[in-house]
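Reader: I am new to this structure and would like to go through it slowly, one question at a time. Could you take me through it?

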Amino acid sequence: MRASTRREFVAGPAGRIECAVDAPEGETREGRSAARGTALVAHPHPQFGGTLDNKVVQTLARAFVELGYESWRPNFRGVGASEGEYDEGRGELDDLLAVYEKIHPAVLAGFSFGAALQAMLAARVGAPRLVLVGVAVTNFDLPPAPPGTLVIHGERDETVPLAAVLDWARPQELPVTLVPGADHFFHRKLHVLRTIVSRCSG
């Protein structure tokens, strides 16, 4: 499915939050997007180069667009044109909540730091669908994920060990989808990640 991308700004607790919005091409007779719903996709750690243009984040957004969703990719505070400063995850969670309250997404998704924050946001708002990629369980004390959460992890993840993710998932009886040979950033495996999300999130 072809998509178009636009920039939107959402009022957040630390100022404006810059968002890239990927929408399926085509509109209804009323001039609205033909999307079946929205997906909110969160980027990795802002102090280690994480932005809304991260390749894994873009891959997730494209997968949801192919499924017919409008995908919102916010920059956390202090990143790109988003105002504010890094706040160790606390303020960044508030940023996600601000975007959530504007768009009321049907799906929350995130990568690494962003995945951890989405797990916390889901616990707060009761989001129905959650997709976590390379979730940073070693950096945060994460709540249990909602039933049906899609967890994807690289076999050779050097940043968040697979064993740590399994330790978090095991008490919940939460399945983890393993991508053989993939590192934390899914180098040369982005097509596999996209296929998994497309097949499991439709």
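**Strands, helices, cores and salt bridges**

Reader: Which strand pairs with β7 in the parallel sense over four bridges, and which residue is the bridge partner of I152?

Author: In this predicted model, strand β7 covers residues 150-154 and pairs in the parallel sense with β8 over four bridges. Within β8, the residue that serves as bridge partner of I152 is T177.

Reader: What is the order of the eight strands in the open sheet, and which are its edge strands?

Author: The pairing in this open sheet is mixed, and the order of its eight strands is β1-β2-β4-β3-β5-β6-β7-β8. A strand that pairs on one side only is an edge strand, and here these are β1 (3-12) and β8 (176-179).

Reader: At about what angle to β3 does helix α2 run, and at about what angle to β5 does helix α3 run?

Author: Helix α2, made of residues 90-103, lies across β1, β2, β3, β4 and β5, and its angle to β3 is about 170°. Helix α3, made of residues 113-125, lies across β3, β5 and β6, and its angle to β5 is about 150°.

Reader: Which residues touch the most other members of the largest nonpolar core?

Author: This core has 38 residues, and β2, β3, α2, α3, β6 and α4 each supply at least two of them. Leaving aside residues up to four places away in sequence, L40 touches a list of residues including W72, L96, Y100 and L121. The members that touch the most others are L40, V135 and W168.

Reader: How many residues does the other core, which lies apart from it, contain?

Author: Among the members of this other core are A63, V107, I152 and A182. Its number of residues is 22.

Reader: How many residues apart in sequence are the parts that R6 and E70 tie together, and is E70 buried or exposed?

Author: The side chains of R6 and E70 meet in a salt bridge, with 3.3 Å from N to O. Because R6 lies in strand β1 and E70 in strand β4, the pair ties together parts that are 64 residues apart in sequence. R6 is partly exposed, with a relative accessible area of 33%. Since buried means under 20% relative accessible area, E70 at 9% counts as buried.

Reader: Which residue meets E18 in a salt bridge?

Author: E18, at 10% relative accessibility, counts as buried, whereas its partner is partly exposed, with a relative accessible area of 44%. The two side chains meet at 2.8 Å, N to O, and the partner is R7.

Definitions and conventions: Residues numbered from 1 in each chain as written. Predicted model: local features only at pLDDT ≥ 70, side-chain atom pairs only at ≥ 80, totals over all residues. Heavy atoms only, no water. Pairing = 2+ DSSP bridges. Helix = DSSP H or I, 4+ residues; strand = E, 2+ residues; numbered from the N terminus. Contact = heavy atoms within 4.5 Å. Axes fitted to C-alpha atoms, helices over the stretch in contact; angles between N-to-C directions. Core = buried A, V, L, I, M, F, W, Y, C linked by side-chain atoms within 4.5 Å. Buried < 20%, exposed > 50% of the residue type's maximum accessible area, 1.4 Å probe, protein only. Salt bridge = Lys/Arg side-chain N within 4 Å of Asp/Glu carboxyl O.
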